[in-house]
Amino acid sequence: MLYAISTLLGGTLYLYFRVDVRPELERAGHWHALGFFDLKEHFAAIGLALLPAYWVCWRRPLASEPVQTRTALTSILAFIVWWGFLTGHVANNIMGFGS
């Protein structure tokens with residue numbers, strides 16, 4: 001639930017990036033940074049698509065059920081959250097667009 005809420009809130013804040021920040025990055029030729037932000041968008045969408053599978057796997061974990069599926073889904077979602085933080089917060093501040 002928190003992943004979905006943070007993605008929706010991030011999507012509303014992302015409008016600022018698309019309207020104000022992205023054109024500045026394009027003018028300055030920071031294509032690598034724009035690529036990282038595009039990956040962030042794609043990863044967030046993949047994470048949202050994985051949430052139903054994540055919920056099913058953790059709803060009633062059975063002892064006979066392989067643990068690898070739960071571990072893989074949790075790891076993928078953790079990576080997506082980590083990538084989103086690094087790309088959205090750290091890269092934004094390094095380029096001087098934060099605060």
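A residue is exposed when its relative accessible area is over 50%, and buried when that area is under 20%. The legends below use these terms for a predicted model.

**View 1. Leucine 2 on helix α1.** Leucine 2 sits in helix α1, which covers residues 2-28. Its relative accessibility is 71%, so leucine 2 counts as exposed.

**View 2. A nonpolar patch on the surface.** Leu2 joins Met1, Ile5 and Leu9 in a nonpolar surface patch. The patch amounts to about 500 Å². Over the whole chain, about 6,900 Å² is exposed. Carbon and sulfur atoms supply 71% of that chain total.

**View 3. The largest nonpolar core.** Seven residues form this core. They are Tyr3, Leu50, Leu51, Cys57, Leu73, Leu77 and Ile80. Helix α2 (31-59) supplies at least two of the core residues, and α3 (67-94) likewise supplies at least two.

**View 4. Another core, apart from the largest.** Six residues make up this separate core. Tyr14, Phe17, Val21 and Phe37 are among them.

**View 5. The helical chain as the setting for the close-ups.** The chain holds three helices and zero strands. Along the sequence the pattern reads α-α-α. The chain has 99 residues, and 23% of them count as buried. Among contacts with a separation of 6 or more, 60% link residues 24 or more positions apart.

Key:
Residues are numbered from 1 along each chain as its sequence is written. This is a predicted model: local features need pLDDT of at least 70, side-chain atom pairs count only at pLDDT 80 or more; totals for chains, interfaces and linings use all residues. Side-chain values use heavy atoms; hydrogens and water are left out. Helices (H or I, at least four residues) and strands (E, at least two) are DSSP runs, numbered from the N terminus. Buried means under 20% relative accessible area, exposed over 50%, partly exposed in between (1.4 Å probe, protein chains only). Contact means heavy atoms within 4.5 Å. Accessible areas come from the Shrake-Rupley method with a 1.4 Å probe; for residues, only the protein chains shown count as cover. A nonpolar core is a set of buried Ala, Val, Leu, Ile, Met, Phe, Trp, Tyr and Cys residues joined through side-chain atoms within 4.5 Å. Patches are made of residues with over 30% relative accessible area and no salt bridge: like charges are joined within 9 Å, nonpolar side chains (Val, Leu, Ile, Met, Phe, Trp, Tyr) within 5 Å. A salt bridge is a side-chain nitrogen of Lys or Arg within 4 Å of a carboxyl oxygen of Asp or Glu.
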